[in-house]
Amino acid sequence: GGCSFETALPAITLLLFKPPPSPIKRLSAGEPSQFHSCIINQQVMFKRFTSDDVSTSTNVKSSAQRGLRAAIEKLNPPLLADHLDALLPKLAGAGKGNTDILSQYKVMGSHITLYCRGPDAIPVFFQHRDGPVMPTLKLVHQFPRELFTHVVVDRGAIPYVLGGANIMCPGLTNVGGSLAPGVEDLPSPYMAHQSDGVDDFYDDTEYLPAGALVVVYAEGKKHALAVGTMKISANHVRTKNKGVAIEVAHFLGDGLYSSDSIN
């Protein structure tokens, strides 16, 4: 028509450089809706998982199983070393009538390995890439809570965790939450005026560093409701007290929890 290249250029530039739409947001556990919202947790691995989402299984060789045992023991060395035979099959492997074997499946469309036990392929552990080996909640529920490193969120965080939301710092630092259940609590931002305040807490041994596995319990509840990894260290959770503290990978009622077996 009568439109020259020069007059069309601004419109072309706008189309080429139009900013992408804002990400969909949703509330995360521990954050009041009137104060803050958080990007939907894209790291929840099993929210819509079904047993049809896995590849063909392979038996875990003894050498690989020894490495897996060592990785699990490191999650909580004082206690897990004494429970490895209860958590995983013995290293005898398949054959000669032994059905208590460990098999592995790849979850299609992801980088997740699912470790399953016995002829019915009951999920017991999973791992994302080279991250920590994580227990399934149904396995966790069979053992005392002290067996795995764990934290407690306050009651207000429960519905959000059960929806797959990440856990925000206030969900752990509010009354009812704890980063170190059963032991003397870590210094909080509210103690900074005291002589034993947060400035004295930093040392060479960091409690719950970023990337550490944690099992999540809730205030007043008996059973764990999620498994995840620390997004930031416990030190920073208590001193900063804002933002995402734990990235949830598996939660009560998700697809993995609803899968009694893979076969």
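Q: How many residues of strand 10 are buried, and what does that say about how the rest of the structure sits around it?

A: One thing up front: this is a predicted model. To read burial along a strand, go through its residues and check each one's relative accessible area, where under 20% counts as buried. In strand 10, six of the six residues are buried, so the strand is largely enclosed by the rest of the structure.

Q: Which residues cover the two faces of strand 10?

A: Leu213, Val215 and Tyr217 are on one side, while Val214, Val216 and Ala218 are on the other, and all of them are buried.

Q: Where does strand 10 sit in its sheet, and what is the strand order?

A: Read a sheet as a row of strands. Here the row is open, holds five strands in the order 8-10-11-12-9, and has mixed pairing. Strand 8 (150-153) and strand 9 (167-168) are at the edges with a single partner strand each, so one side of each has no neighbour in the sheet.

Q: Which pairings of strand 10 run parallel or antiparallel?

A: Take each neighbour in turn. Strand 8 and strand 10 run parallel and are joined by four bridges; on that side, Val153 is opposite Ala218. Strand 10 (residues 213-218) also pairs with strand 11 (residues 226-230), this time in the antiparallel sense, again over four bridges. If you want landmarks in strand 11, look for Ala226 as the bridge partner of Val216, and for Thr229 opposite Leu213.

Q: What is the strand order in the sheet that contains strand 3?

A: That one is also an open sheet of five strands, with the order 3-4-5-6-7 and antiparallel pairing. Its edge strands are strand 3 and strand 7 (134-135), each pairing on one side only.

Q: How many bridges hold the strands of that sheet to each other?

A: Walk along the row. Strand 3 (residues 58-59) pairs with strand 4 (residues 102-107) over two bridges, with Asn59 bridging to Ser103. Strand 4 is joined to strand 5 (residues 112-117) by six bridges, and there Gln104 has Tyr115 as its partner. Six bridges also join strand 5 to strand 6 (residues 122-128); Arg117 and Ile122 are bridge partners across that pairing.

Q: What do strand 4 and strand 5 form, and which turn residue has a positive phi?

A: They form a hairpin with four residues between the strands, and Gly109 in the turn has a positive phi of about 80°.

Q: Which residues have a positive phi although they are not glycines?

A: Check the backbone angle, then ask where the residue sits and how much of it is accessible. Ala121 has a positive phi of about 55° and is found in the loop between strand 5 and strand 6. Arg129 has one of about 50°, in the loop between strand 6 and strand 7.

Q: Are those two loop residues buried or exposed?

A: Ala121 is buried, at a relative accessible area of 1%, whereas Arg129 counts as exposed, at 53%.

Q: Which Lys and Arg side chains lie over the face of a ring?

A: Look for the charged end of the side chain above the ring, and note its distance from the ring centre. Lys138 lies over the face of Tyr257 at 5.1 Å, and Arg145 lies over the face of Tyr217 at 3.9 Å. You met Tyr217 earlier as one of the buried residues of strand 10.

Q: How many aromatic pairs are there?

A: A ring pair is described by the distance of the centres and the angle of the planes. In this model the count is zero.

Q: What else is Lys138 in contact with?

A: Start by placing the residue: Lys138 lies in helix 5 (residues 137-140) and is partly exposed, at 30% relative accessibility. Leaving aside neighbours within four places in sequence, Lys138 touches Tyr257, Ser259 and Asp260. A polar contact of 2.3 Å joins the side chains of Lys138 and Asp260. For a backbone view, the C-alpha atoms of Lys138 and Leu252 are 9.1 Å from each other, with 114 residues separating them along the chain.

Q: What are the totals for the protein?

A: There are eight helices and 12 strands, and buried residues make up 43% of the 263 residues. Of the contacts between residues at least 6 apart in sequence, 62% join residues at least 24 apart. The protein exposes about 14300 Å², and carbon and sulfur atoms supply 55% of that area.

Conventions. Residues are numbered from 1 along each chain as its sequence is written. This is a predicted model: local features need pLDDT of at least 70, side-chain atom pairs count only at pLDDT 80 or more; totals for chains, interfaces and linings use all residues. Side-chain values use heavy atoms; hydrogens and water are left out. Two strands pair if DSSP finds at least two bridges between them. Buried means under 20% relative accessible area, exposed over 50%, partly exposed in between (1.4 Å probe, protein chains only). Contact means heavy atoms within 4.5 Å. Accessible areas come from the Shrake-Rupley method with a 1.4 Å probe; for residues, only the protein chains shown count as cover. Rings of Phe, Tyr and Trp (its six-membered ring) pair if their centres lie within 6.5 Å; planes under 30 degrees apart count as stacked, over 60 as edge-to-face and the rest as tilted. A charge sits over a ring if NZ of Lys or CZ of Arg is within 6 Å of the ring centre and within 35 degrees of the ring normal. A polar contact is a pair of N or O atoms within 3.5 Å; within protein, one must be able to donate a hydrogen and the other to accept it, and residues adjacent in sequence count only if both atoms are side-chain atoms.
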